Structure formats: structure tokens, C-alpha cells
Amino acid sequence: MLEVEDVVHRYGMVTALSHVSLSAGRGEFLTILGSSGSGKTTMLRVISGLEMPTSVKVLRIGGADVANLPAAKRNCTTVFQNYALFPHMSVVENVAYGLRIRKMNAADALREARRALAMVQLEAKADRRISQLSGGEKQRVALARAVVTQPAILLLDEPLGALDEKLRQDMQIELMELQRSLGMTFVYITHSQEEALTMSDRVVLMSHGRIVQSGGPLDLFDRPESRFAAEFMGYENILPARLIGREGTAGIVEFPGGARTRGVVTVEGLKAGDAVCVALRAERIAPATEGATDALKAEVTNRVYRGKYIDIALATDAGPLRLRSWHGSHVESEDIRRIGWNTNDAVIFAAE
Amino acid sequence: MENRIAFARVAPISPKLEISHAPVWKRLGKWGGFAMLGLIYFPLLWLILLSISRNPLGGIPGDFSLEHYRALFANSEWHMPMLASLVIGVIVGLICAVAATIIGRALPALNSPGKVLFLFVIPLFVPGMSMGAALLIFTRAVLGLKLGFWSVALGHFVWAFPFALLIILVVTTRFDHRLVEAGRDLGASNWRVFWDIEFPILMPGIVSSALFGFLMSFNEVMRSIFLRGTTETMPVWSWVQAAAQQSQVPIIFSLASIVLLITLPLLCAAFWLLFVKLDKS
């Protein structure tokens, strides 16, 4: 449905996109994840045609070559971050605008627009002015306006960014259901790993105008391939170490202090002797029982109470670690002497 | 816990209230403001009262009558100057609206719009007689026009344009260009985007700039004096009449009152469009 090959885009001296390629199949929910300045929004604008890239090898939407077409001629629509609703038109006129442009007669356009509004539970507010809507409602109008023209691809630019936590979670579910029922290809931009993991079929992680890693939500969450990916996906503990042995995908590493541990190697081509990093999520570390193999000696240096959980800072043979306890008083009361983790939860990749 | 941060010792703040805390400063602003408003509106009100007084040259209103208005309407000498002023005003208003819209849309997109805007706004501060004399030479020598209707219109346009431009900029600088992108994204051509989205949103500013253009032209004297040739505009005619013949002064008062009563509501309409209606949408 979407094929992009080798996009380069520069603003003056700044390279916003550097040889990026990606594709999305029919009905796929593809998320481009990255922090601000990663080039994800530029990527979306290149796809929509609002930005003409410095160079691109292939740019197809629904099989049609659109590399040289202006935005108005491309079979895709955008849900903008700030919604970009037309303030001088009513809600239903906003939604009908794309249909009117496609020369549908006024009565049919309004009827279709009302159907689209019904789909986002807003038919009751069809005749309101845009300024009378709440943020969440504007979001829905923008969504209805974009899908009513039945584009091959719907582009969404951080559409939930301005909504509050609760509404955002509801909208995530709603967006997923909408996408399944329309069978439409969604390309979704966000800086929130939570949104990316919840909704996507596939996630593309971007940084500095390049794709850092792409794959299913689980791959990104549990198998980061670089320090950047691990940090972005919320790994609290990233420790330097040296790879000393391999057994298939498993690797044995030695920390500077001499302690050893096992983990999963996520990148190809690492061999014994290479400098690596070991990444561990704080909540996957647990106090180990006395005498457990592979456990590390640890000493508690600080405790931070955070309501739902407690973050415990530890000094270990592997270096300083953070352990997250969800059991509250249970772990808090006991003095931690040894810690351990599941081999599957320790991820090994090349150090920078 | 012995490594606390230590700052230098500071004297505590004095509880005494200095003169700057005195309530008089707030009151001064309030009453000064009232005095200023009085200075602006009292003479205007006085003028209207005198225009309906039997003996306006006495300076004190009283013995009200509409006889000077009757005399004004019986007199046809002011009809042509009034017509000339109205027609020139309408032409200048329309051209101002179009020109200011085109230029006012382009200005905010520049890298340093401030400097360019300054150049456009300079006519506001160039002395009227300098600009009048300059345009006089320009129209006669360079354009080869005879002085009259069109040279006055040109002078008024140069005078009114900066006002129209400033007004248009109120709406064009606020205009959200992401709406243009949204329109294109939905498939609209550049023309459709302009007429369906940008034009309706800029409309209050365009109408206001036309109204202002009209008013600036309608009330202009200084440049008209240089550029009029034998054409008389309404303000020039009133000024000549008031200067030449004492007997005409009462009807000039009436004329001035009528012009005031037409101008003020137009001005209010322009500001309402710009600042009240715009904020509602």
C-alpha cells in the first residue's frame, strides 16, 4: 500500500531524513516512533506531499507513483497534531469538505459526513461550531474528516498528544477498532512508546533522520538492538560489559568488576571479546534466594517510594542497578543481599 | 548532614511603605484617563450641539433648531465635492483592500518582515505636504497626468495604504497556515484552498481595510490641496468655505456633524469586525 525507498531530505545544512526506506501493507497499522527532531514528522510530510523531499528513489501510495505529485493529488489524508479544523465551517461542513472537493453533490456529501461523524460518536454535534468542541471531540472530527474520503493510507501525526491520560487511552482503543473495521492502512507518528506498543502491528524507531530499529511491538520492547533503542524503550539499567562466550543466541558477559551473567544477544556478528552493553528492565530484576546460581551480590543504597511501585537503587558487582518492586512493603521490609533475573530478560548488544 | 549550603547574610526587607506604594498612582491613571476622554469627545459633542443651535457662532449651544441643516440641504454647492469624496473614497477603499490583501499575505512569509513593513508604513510619518508636493511632481512630470480626480485618488491611496496594510496584517499574521496544508491534504487545489479557507477567514480584515481606506481618503485634506487641480473634495470645500465666508460656517458645522455621524459608526464597525467578531470565530 505504501512503498518508500531511500528518502533524503535536507533543510539547508540540516539533514532531516537520511536514506530512509519503509513500507506498509494493506490494513497494516505502522507506527513511526521517535523523539522530537528524529525526522518522524518530516517523514509523514514527505508521504503526504506537504514536503517535497530532496531526493527519493521510490514513493508509491496504493501502487501509484506519487513522488512528483502535490499533496492534493495523493490518495492519503492526514490527521494533524493540532487537528487543523476549519474554524469558519461547522463540524459537518469540515467533514464534508473533502467530499465536496471530490465533486460529490452537497446533499450526498452531508449525508456521508454525518455517517462518518456517527462512526466517531459525534453525530449529535454535527451542526456545532468548531470552537464549541472539546479537545477530544476536535480529535474525532479530524479523524472523521480524514477517513470519509476513503484514502488508501491514513497518516496520523501525534493525534493524541494534546489529550489527557484517560482520554488518550480510550482513544487508543477506539483508533485500533476503527482501523480494523475500516481495513485501512494507518501510518501513525508518536513519541510515546506506550502508544506504539499498544496499537501497532509494526513499529519503526527513528533517531536523527535514520531508522534505528523496526519490528513488532514485542521485538522492540524486549529485544532492543542498540543503546539508543534500549534507552528509548525504557530500559533503566544499561551496563557496560565484555562478551566472553556465545551459545546460539545466548551470550555470556563479564562485567568490569569480574561478575558474569548470561543474556540474549540481539545483533548479528558479535563475537567473544567485543565490548557490549547489557540492558535490564528494573521490574525484571528480583531479589534472589540464598544460594541461587547466577545471582549477584547487592547492597541497597536508596529507596524511592513512587506510589504504585518502589524504586530501589542497588550497588552490585555488575555496577549500580535499579530494581523496581511492585509488591510494596514485602520487598521494602526485607534487606536485599542477592539479586537475579531471567536470562531472557538480559539483552546484549554492541557498545557504541 | 553537615554539608548544608550557606548563603551570604541578607538584611530583612523593611516593612515601611514607600511613596511608590501610595494609592494615588492608581487613581491618577483613572482620572487622567477620564480627562483625556473628555478632551476628545467634549468638543465633538459641542460641535453637534452648536450645529443644531440657532446661533452657532456665539459658541454656546441653545435655542435649538434644524435651520442650518435645512440651509445645508437647500444649498447644492457641496454636492459635487461630496460626490467626488465619496467616489474617490470608494475607489481607494476597494484598491486598498485588494492591494493590502495581496501584500499582507506575502509579508509574514518574509525572513525579516519588520524591515519591509517599516518601509510600507513610512507614509504615515512623512509630512503630508512633503508627500503632497512629491506626488504633485510625480503625477505631472512622470505620469504626465493632469491634476484632478485621479491624482487626488492616487495621493489618497498612498496615504491610506499603510493603514489598510496594518489592518490586514492583524488577520494574516494570525492566520494558521496549517489550515492551508489541511485543505491541500484533503485534495483542494491552491485556488480552492484560497477561496474556501483563507479568504473567508481573512474576510473581517479585508472588509475593515476597505472601510479604513475609505475613511482615510474621505477625510484627507493636506495631500488633496496639492493634487486637486480644480477638483474639490468635501473636506477641502468645507475648509475653503469656512475660511472665506463667515456666513457659510453654520452649514459647515452641520456638514461636519453629519460626516462625523457617518464616520464614527463605520470606524466602530471596522474595529468590531477585526477584534470582536474575529475572536468569536
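In the predicted model, Val264(A) has its bridge partner in strand 20 of chain A, and that partner is Val347(A). Val264(A) and Val347(A) belong to a pairing between strand 13 (residues 260-265) and strand 20 (residues 347-350) of chain A. The two strands run parallel and are joined by two bridges. This pairing is part of a barrel in chain A. Five strands close the barrel, in the order 11-12-13-20-14. Strand 20 thus sits between strand 13 and strand 14 in that order. The pairing around the barrel is mixed. On average, neighbouring strands of the sheet are turned by 55 degrees against each other, with direction ignored.

Chain A as a whole contains nine helices and 20 strands. Its C-alpha trace spans about 80 × 45 × 35 Å along the principal axes. Of its 352 residues, 41% are buried. Among contacts in chain A with a separation of 6 or more, 65% link residues 24 or more positions apart. Two domains are assigned to this chain. Domain 1 of chain A covers 2-222, and domain 2 of chain A covers 237-350. Their centres, taken over C-alpha atoms, are separated by 39 Å.

Helix 1 of chain A spans residues 40-48 and is mostly covered. Eight of its nine residues are buried. The buried set includes the hydrophobic side chains Met43(A), Leu44(A), Val46(A) and Ile47(A). Lys40(A) and Arg45(A) are also buried, as are Thr42(A) and Ser48(A). Gly49(A) comes just after the helix. There the backbone takes a positive phi of about 95 degrees.

Chain A also touches chain B. The contact takes 19 residues from chain A and 15 residues from chain B. On the chain A side, strand 6 (76-79) and helix 2 (91-101) each supply at least two residues. Helix 2 of chain A gives the largest share, three residues. By class, the side of chain A that touches chain B has 10 nonpolar, eight polar and one charged residues. For the complex, the predictor gives an ipTM of 0.83 and a pTM of 0.81.

Chain B is likewise divided into domains. Domain 1 of chain B runs over 21-65, and domain 2 of chain B over 75-280. A distance of 29 Å separates their centres, again taken over C-alpha atoms. Seven residues of domain 1 of chain B are in contact with seven residues of domain 2 of chain B. On the domain 1 side of this contact, six residues are nonpolar and one is polar. No charged residues occur on that side.

Confidence was examined for chain B. The mean pLDDT of this chain is 87, and 98% of its residues reach 70 or more. Among the elements of chain B, helix 7 (residues 178-185) has the highest mean pLDDT, 94. The lowest mean, 82, belongs to helix 11 (residues 249-280). Where pLDDT is low, predicted coordinates should not be read in detail.

Methods
Residues are numbered from 1 along each chain as its sequence is written. Chains are lettered from A and ligands numbered from 1 in the order in which they are written. Two strands pair if DSSP finds at least two bridges between them. Helices (H or I, at least four residues) and strands (E, at least two) are DSSP runs, numbered from the N terminus. Axes are lines fitted to C-alpha atoms, for helices over the stretch in contact, and angles run from 0 to 180 degrees between N-to-C directions. Two residues are in contact if their C-beta atoms, placed from the backbone, lie within 7 Å. Domain bounds come from an automatic or database domain assignment. A residue is buried if 20 or more other C-beta atoms lie within 10 Å of its own, exposed if 12 or fewer, and partly exposed in between; C-beta atoms are placed from the backbone. pLDDT is the predictor's confidence in each residue, from 0 to 100.
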